[in-house]
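These are my notebook entries on aromatic contacts and on one patch of surface charge. I kept each entry to what I looked up.

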Amino acid sequence: MAVPARTCGASWPGPVRTARPWPGRGPRPFPDPRDPASGPARPLLLLLPPLLLLPLLTAPGASAYSFPQQHTMQHWARRLEQEIDGVMRIFGGVQQLREIYKDNRNLFEVQENEPQKLVEKVAGDIESLLDRKVQALKRLADAAENFQKAHRWQDNIKEEDIIYYDAKADAELDDPESEDVERGSKTSTLRLDFMEDPNFKNKVNYSYTAVQIPTDIYKGSTVILNELNWTEALENVFIENRRQDPTLLWQVFGSATGVTRYYPATPWRAPKKIDLYDVRRRPWYIQGASSPKDMVIIVDVSGSVSGLTLKLMKTSVCEMLDTLSDDDYVNVASFNEKAQPVSCFTHLVQANVRNKKVFKEAVQGMVAKGTTGYKAGFEYAFDQLQNSNITRANCNKMIMMFTDGGEDRVQDVFEKYNWPNRTVRVFTFSVGQHNYDVTPLQWMACTNKGYYFEIPSIGAIRINTQEYLDVLGRPMVLAGKEAKQVQWTNVYEDALGLGLVVTGTLPVFNLTQDGPGEKKNQLILGVMGIDVALNDIKRLTPNYTLGANGYVFAIDLNGYVLLHPNLKPQTTNFREPVTLDFLDAELEDENKEEIRRSMIDGNKGHKQIRTLVKSLDERYIDEVIRNYTWVPIRSTNYSLGLVLPPYSTFYLQANLSDQILQVKYFEFLLPSSFESEGHVFIAPREYCKDLNVSDNNTEFLKNFIELMEKVTPDSKQCNNFLLHNLILDTGITQQLVERVWRDQDLNTYSLLAVFAATDGGITRVFPNKAAEDWTENPEPFNASFYRRSLDNHGYVFKPPHQDSLLRPLELENDTVGVLVSTAVELSLGRRTLRPAVVGVKLDLEAWAEKFKVLASNRTHQDQPQKCGPSSHCEMDCEVNNEDLLCVLIDDGGFLVLSNQNHQWDQVGRFFSEVDANLMLALYNNSFYTRKESYDYQAACAPQPPGNLGAAPRGVFVPTIADFLNLAWWTSAAAWSLFQQLLYGLIYHSWFQADPAEAEGSPETRESSCVMKQTQYYFGSVNASYNAIIDCGNCSRLFHAQRLTNTNLLFVVAEKPLCSQCEAGRLLQKETHSDGPEQCELVQRPRYRRGPHICFDYNATEDTSDCGRGASFPPSLGVLVSLQLLLLLGLPPRPQPQVHSFAASRRL
C-alpha cells in the first residue's frame, strides 16, 4: 500500500485514533528468526562488502517512497536478531565457558541451598546473639533496682560531692556561652583519655561510664545529684558485662529524671546549636517505659485562647506526638462549642512518622474563636476511644486536654463514659499565664486516674508533655516480675554514631517503700537498654552462597524491616525510628501481603511467587520467579525470611587443594598479566581480616596481592570459601581469553570490549585498555547488568546511563559503548545454576551505522536500492533517514540505537525525552506498562526559607534556642509579656523551629523526603504491530516489534511533520512527592500486631498523686529584680526546675 505524501493539515482517511493490526484482522506473532530461508545465524554484515558500511548517497525525494510493509520490517527485525546472536555466539563465549566449567569439574563441588534449613539456622543464630544481650540486660536491671533500694536520699547533697564524667563537659568548655561557663560549674567532672574503637566507630574509655543530662534540666538539683550518686554503682556491672561478652556495644540506663548513664564512656556528639537530646524521648525508652497507648488529644480553641497561649498549645501538641511510637494510636481534635478533628483523620490512627506529620501540619491551622465547651471535647474523645471497628492498640486509653482554664467539671460526661471502672485516664494541661481557677482541671485528672500539669511558658513544654509516662508505668511496676520482659525496638539511628541499631529494653522499677507496712513505690526508675548494630546481625546471614539476587530479610510486628538489602536510608534523624515497611521495601503485590501477614503472625511458611523487582539502578522492572521461606525468631517479635531465585538453589564451592594450581591461577591476578589476559577487577569482599579495604579497585587489588604473598588461601584468618572461589574464577576466565577472545579481532565487529563476571567476584575485561572506560561496579553482585542478566533469558542491552539534566554523551574516540550481556547457564546432572555472565561492549557510533544498514532494503550489492522519480518503492532506515525514524529501545524505555545521527548523543535517555509523541503511543498501545512506587528513604536538599514568617526589620524574633537560654530570659524578662502580647498576635512562626536545626545540623544538610519513582517495562503485546498516531491534523504511522531473545523493541515511524503532534510527555525520572494520600491510606491500614503484653490496670494502684500544683501569676517584682541583676552583671543562679514528679522521686 502506498502512503501518499502528507503536508501539515492533511489527515488520514477516517478518524483512526487507536492502534490497529496491519494488515489483517489481528496482530501477527513474531516469525521465527531462525527461519531456514534466512540461512544459518551468522553475522549478516560479514556477508556484505566493507563498502556497505560507509555513509551512502542521499535518498531520492520522499514523494517516491511509501511506508515499509509489515513483512519488510519483520525481515529487518530478523536481520537485527541474527546479527546480535551471531556476534554474541562468537565473542560472548557462552558455550565455550560451559565447556571450560565441565573441563574443570574436578576443581569444584556443587552445593545446595536448602531454604528451610538455612532460614532456621540463621534465625537460631540471631536468637542466640540477642539472648546474650538479654542476659546482660537482666543483670543490669536487677543491679539497678538493688542499688537504688539501698541508696539513702541526701537532702543536702552538693555538686562538688559527686564525681563523674560529664559527656558534654568538653563541648561546654569550648563554648563560651554555655550554661556552666556562665555560672562557673562546681561539679567535679572527670577528664578522661580515649582511644579509637572500630566496633563503636568512636573514641571510648572502657574504665568509666559517661553521663548526659538534657540542656533544660539543672544538673545541680537535689534530684539529679541523688540520681548521679546511686547510678555510679552501675559502672562495675557494665564493665563485668563486657568482660563476659566482649561483643556488647552501648549499655545504657535512661533514668526517668532525664539522666543518661552509658558505657563505655565517650564524649557526647554535641551539635553546633542547642542540644535537645532527652533520653525519655528516644524510641527505645518510650517503648520500654510503658505499654501501647490509645490517645486522644483535645485542644481548647475558644476565644480566650489566643496569642502566646495558642502558640504554646500548638507546640505542646507537637511535643506530645513525639512521645508516641508506632505501637500507639492517636487522634487530635480541637473544641469550643463543638469538637472536630484537626486533620482528615476521623478516627484513631497509628502514630507513625507520616501520620504524625499530618497532625503537626494540621495543628498549625487551629484558630481561636467561640466559647469553651469541655463537654463537646470530652464526648468526642470518649466516642473515639470506644470505636471498636478500627485497628488500635487496645491497651492504655487516655485523653490529653490542653486548655487555658474553665469552670465546668463535666462530671456527667465522666459518669456516662468512664465511671466506675475508670478505664480511660484523663490528663489535663493548664497552658499559659493566667489567673483562672485550676481546681476543675485538677479534679478532672484526679478523679480519672490521670495527672494535672501546668505549662506557663515554652520552657515547661518538653518536661510536662512526657511526664505522663510515669503514670502509665504504675501498673507495670505493680505487676512486678510479670512486667519484666525484654522488648526489642524498631530500627533507629544511634545518637552516638553507631549507625542503624535495634535496642533490647527492660524497665527498671522502684522497689523502695515509704515505711514499714506502707505500700510499695509505684514509680518506674527508668529503662535499661543494650544496642545491637544491624551489621552484627547481617554477619550471621549467608553472604555469597545465595547468589546475586538471593537475600535474607527480617520484619517486626508492624511489618517494618529489620534486615533487607533495600533498607538504605539516605539520611537519618535520630529523633525518629527508621520505619520502612516490607511492602515499601519491595514492589507490593497480593502474594507479598500474604507472606507479610503470615510472618507477623509468627508462622512458618514457603511460597513460590511470580513478582516484579526493580533493578539495582532503579531504571528497570523485571518479572521474576522467587521462592520465599520464613520462620519466626523465637524470644523476639521478629520474623526471618529467605528469598531465592530458582537458579540459586545450587552454587559452586571451589576445591583447590593443588597448591601448584593455586599459584598458577593467582598469577593471572597480577597486573603484569593484564596486557595479554585482560584486566581483572576483583570484588571488594572481606577475604581476610587483615585486608585493607579501599574504594579504588586498583589499590584494593594491590593490597590483596600483598596480603596473599604473606598468607595462603587456607589461612585461618581468611574466608577460605571466598578465596578459593575467587582464584578458581580467575583461572576459569583466563581460559576463556585463551580459547575465545585472544585470537579475535574486536575491531572487525565494532566491539570496544568483551567481558566476563562471575559469582566468585571476578570481572575480566578484554583487552586491557578497555578497562580505562569500564564504569561497572567491580562487585558483580552490585552490578545492575549482572543481576539483570541472571533474571532474564537472552541478551540484555544496557545503554550508558544519561540523566536528562546532564549534557549529552560525548562521542570522542569511539569510547561510548553499549553493554550486551547474558547469563551462562550450567547444567551438571539434574542441577542447574548460573555462575557467570558474559558479554560485549558495542561501539555506539559504529553500531548505529550498522543498524541503518541492517534496517534497509540493501541486498548483497554494492549500492543501496534506488527509486526513480516515477517509481514507487518502500522507504528504509538508511536511505530515507530524513523521513523515517528507526530506533531500538530497551525494556525500560531507554534509547539504545537510532538511525538519526543527531540522536546518537541521546542514547541512554528515556525515549520520551527524545520523541514524546511516539513513546506515548507505544505506552498507549500496551508495548510498555508503567509501575509507580514511592521511595521513603530519599534525601532532598533543604528548601529555602520563605519570607512569610519574617519579622519587620529591627524586630527580634526569638528561637527555641533563645527561649531555652538563661541569659536570654534574664535580658528579655522585663518586657517579654508586652512583647509576647504585641508580636504574638502577628507572627506565626515563633515556635516552628526545625528540630534538625536545633540539633545543630548545617543549614545545607539534606533531609529525608519521599520520592515518586516511575519505571516502564514491556507490556503484554508480543507481536509485530502497526498503528497510526492520530493527533488532529497531523498523524504518524509507526511499526513496533520485539526482537526475539533480547530486551529490545524495534520501532519504525514516520518523522513528525507538525509540531502539534507533540503530545503529553511521559516522565520516568524521580520526582519529589508527599507520598500517597495519608487520609486514604488510613482507611485501609496494613495488617500489624501490637506487643503481646499489656499493663494498663492494677487494682492496687495509688492514684492520689495526680498533680496538685498551683498556678502562679508572674511577679513584676521578680521580673524587675532579674533585669537589675543582669544590668549589674550578676547572672542569677538558676533554681532547680520544680515539677510535680520531682518531689515524688525522693526516697
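**Aromatic pairs**

I looked up the ring contacts and found that the structure, which is a predicted model, holds 45 aromatic pairs. I then turned to Tyr687 and Phe700, whose pair is tilted, with 6.4 Å centre to centre and 35° between the planes. Tyr687 lies in the loop between strand S28 (679–682) and helix H22 (697–708), while Phe700 lies in helix H22, so this pair ties together parts that are 13 residues apart in sequence. I noted that Tyr687 and Phe700 are both buried.

Next I looked up Phe755 and Phe785, which form an edge-to-face pair at 5.4 Å centre to centre, with 80° between the planes. Because Phe755 lies in strand S29 (residues 751–758) and Phe785 in helix H24 (residues 784–791), the pair ties together parts that are 30 residues apart in sequence. Are these rings buried or exposed? Phe755 counts as buried because its relative accessibility is 0%, under the 20% limit, and Phe785, at 3% relative accessibility, also counts as buried.

I also recorded a cluster in which ring pairs link Phe200, Tyr206, Phe238, Trp250, Tyr262, Tyr263, Trp268 and Tyr277.

**Surface charge**

Which residues form the negative surface patch? I found that the patch is formed by Glu361, Asp1074, Glu1077 and Glu1080. I followed up one of them, Asp1074, and placed this residue in the loop between strand S42 (1071–1073) and helix H30 (1078–1081). Asp1074 has a relative accessible area of 67%, which is over 50%, and therefore I entered this residue as exposed.

Key
Residues are numbered from 1 along each chain as its sequence is written. This is a predicted model: local features need pLDDT of at least 70, side-chain atom pairs count only at pLDDT 80 or more; totals for chains, interfaces and linings use all residues. Side-chain values use heavy atoms; hydrogens and water are left out. Patches are made of residues with over 30% relative accessible area and no salt bridge: like charges are joined within 9 Å, nonpolar side chains (Val, Leu, Ile, Met, Phe, Trp, Tyr) within 5 Å. Accessible areas come from the Shrake-Rupley method with a 1.4 Å probe; for residues, only the protein chains shown count as cover. A salt bridge is a side-chain nitrogen of Lys or Arg within 4 Å of a carboxyl oxygen of Asp or Glu. Lys and Arg count as positive and Asp and Glu as negative; His and the chain ends are not counted. The place of a charge is taken as NZ of Lys, CZ of Arg, CG of Asp or CD of Glu. Helices (H or I, at least four residues) and strands (E, at least two) are DSSP runs, numbered from the N terminus. Buried means under 20% relative accessible area, exposed over 50%, partly exposed in between (1.4 Å probe, protein chains only). Rings of Phe, Tyr and Trp (its six-membered ring) pair if their centres lie within 6.5 Å; planes under 30 degrees apart count as stacked, over 60 as edge-to-face and the rest as tilted.
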